[in-house]
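Got a model open and some labels to justify? Let's go through how each one is earned.

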Amino acid sequence: MSKPYVFITRKISEEVLAPLMEIAEVHSWNSESEAVPREVLLKEANKADALLTMLSDSVDQALLTQAPNLKVIANLAVGFDNIDVKVATEQGIAVCNTPDVLTETTADLTFGLMLATARRLTEAETYVKEGNWQSWSPYLLAGSDVHHKTIGIVGMGKIGQAVARRAKGFGMEILYHNRSRNDVAENELGAMYCSFDELLTEADYVVCLTPLTEETKHLFDADAFKRMKPSSIFVNVGRGQVVDETALIDALSKKEIAGAGLDVFYQEPIGADHPLLKLPQVVALPHIGSASVETRTIMMELCRDNIIAVLNDKRPKTLVNREWGR
Ligand code: DGY
């Protein structure tokens with residue numbers, strides 16, 4: 001009997017893949033720099049029993065309806081907005097993500113990005129490296145304090161909670177807005193639930209960690225930025241399309257808000273000539289929320305194990321479509 005066919009859309013650790021290679025024929029798109037071209041992905045999906053995908057791969061209806069053997073999609077991310085989960089479920093395909101294992105790493109990045117934006121770290125580094133530092137002066141590259149300010153977290157899931165824990169250590173007041181109340185955040189971290197508008201008005205740091213859904217698309221629009229304090233900083237480690245980027249550029253240019261720390265963008269990768277990147281008060285990162293070597297390795301292992309489970313007719317550990325297989 002031939003082995004099941006697994007396609008991986010990026011080069012990942014061979015050591016991680018070893019146990020999968022024992023039970024399956026494994027093929028990968030091996031470029032470090034270039035994402036798998038759509039036509040290659042479609043061709044591979046057409047013969048695949050399993051796909052290990054990145055958040056940048058669109059696993060849409062067109063792909064799924066041309067993947068007759070596909071049993072499992074293991075996405076190397078906690079977010080899964082790149083996958084049409086409804087169609088996958090209708091076709092009996094298990095969709096898996098990588099929750100929990102990236103929580104602390106992504107919270108570290110979120111907090112670091114907030115600090116970097118508030119204290120103008122990237123601007124200051126460029127200043128030194130470009131040889132502009134001629135003398136010390138009291139307000140040279142002076143930013144805003146983070147400690148004892150108010151953080152407003154939009155999207156209080158596990159990562160939100162981990163960010164709140166860090167904020168508590170900085171003596172910050174913690175506000176949050178979420179679809180539902182979070183008892184751990186409230187009782188253990190002292191976070192206060194409030195309406196979205198209230199959070200925007202009160203917070204010094206508005207931190208977006210919400211997933212991209214139909215409800216959250218363009219949640220941060222012109223009106224939202226107008227409600228924020230002129231001294232406030234917006235941080236986004238959720239998804240780019242939760243923000244109306246034109247409205248954000250406008251708000252930053254008109255100084256309706258003071259700055260933005262962005263790990264995610266409407267269109268990724270963002271072009272170097274994008275107007276957002278021309279603004280000195282913007283700190284921009286290439287979607288590296290969970291990018292530590294340790295965490296990315298654990299994420300790969302989880303994807304591998306989920307694929308092995310489904311190929312062995314077992315329930316994977318981290319299913320998105322929990323109704324699968326019932
Ligand atoms: C995810 O896993 O969805 C994050 O965006 C990775 O940084």
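Here are a few questions on the cysteines and the ligand site of this predicted model.

Q: Why is C194 not called part of a disulfide?
A: A disulfide needs two cysteine sulfurs within 2.5 Å. The closest cysteine sulfur to that of C194 sits in C208, 14 Å away, so that's too far for a bond. Overall, the structure has zero disulfides.

Q: What makes C194 count as buried or exposed?
A: The buried label calls for under 20% relative accessible area. C194 comes in at 4%, so it counts as buried.

Q: And how do you know which label C208 gets, buried or exposed?
A: Same test: under 20% is buried. C208 has 0% relative accessibility, so buried it is.

Q: Why is the R239 pair with the ligand called a polar contact?
A: The cut-off is 3.5 Å between N or O atoms. A polar side-chain atom of R239 lies 2.7 Å from a ligand oxygen, so the pair qualifies. H287 also puts a polar side-chain atom 2.7 Å from an oxygen of the ligand, while for G79 a polar backbone atom is 2.9 Å from a ligand oxygen. As for cover, the protein takes up 95% of the 240 Å² of accessible area the ligand has on its own.

Q: What makes a residue count as around the ligand, and which ones do?
A: One heavy atom within 4 Å is enough. The residues there are A77, V78, G79, L102, R239, H287, G289 and S290. By class, that shell splits into three nonpolar, four polar and one charged.

Definitions and conventions. Residues are numbered from 1 along each chain as its sequence is written. This is a predicted model: local features need pLDDT of at least 70, side-chain atom pairs count only at pLDDT 80 or more; totals for chains, interfaces and linings use all residues. Side-chain values use heavy atoms; hydrogens and water are left out. Buried means under 20% relative accessible area, exposed over 50%, partly exposed in between (1.4 Å probe, protein chains only). A polar contact is a pair of N or O atoms within 3.5 Å; within protein, one must be able to donate a hydrogen and the other to accept it, and residues adjacent in sequence count only if both atoms are side-chain atoms. Accessible areas come from the Shrake-Rupley method with a 1.4 Å probe; for residues, only the protein chains shown count as cover. Ala, Val, Leu, Ile, Met, Phe, Trp, Tyr, Cys and Pro count as nonpolar, Asp, Glu, Lys and Arg as charged, and the others, Gly among them, as polar.
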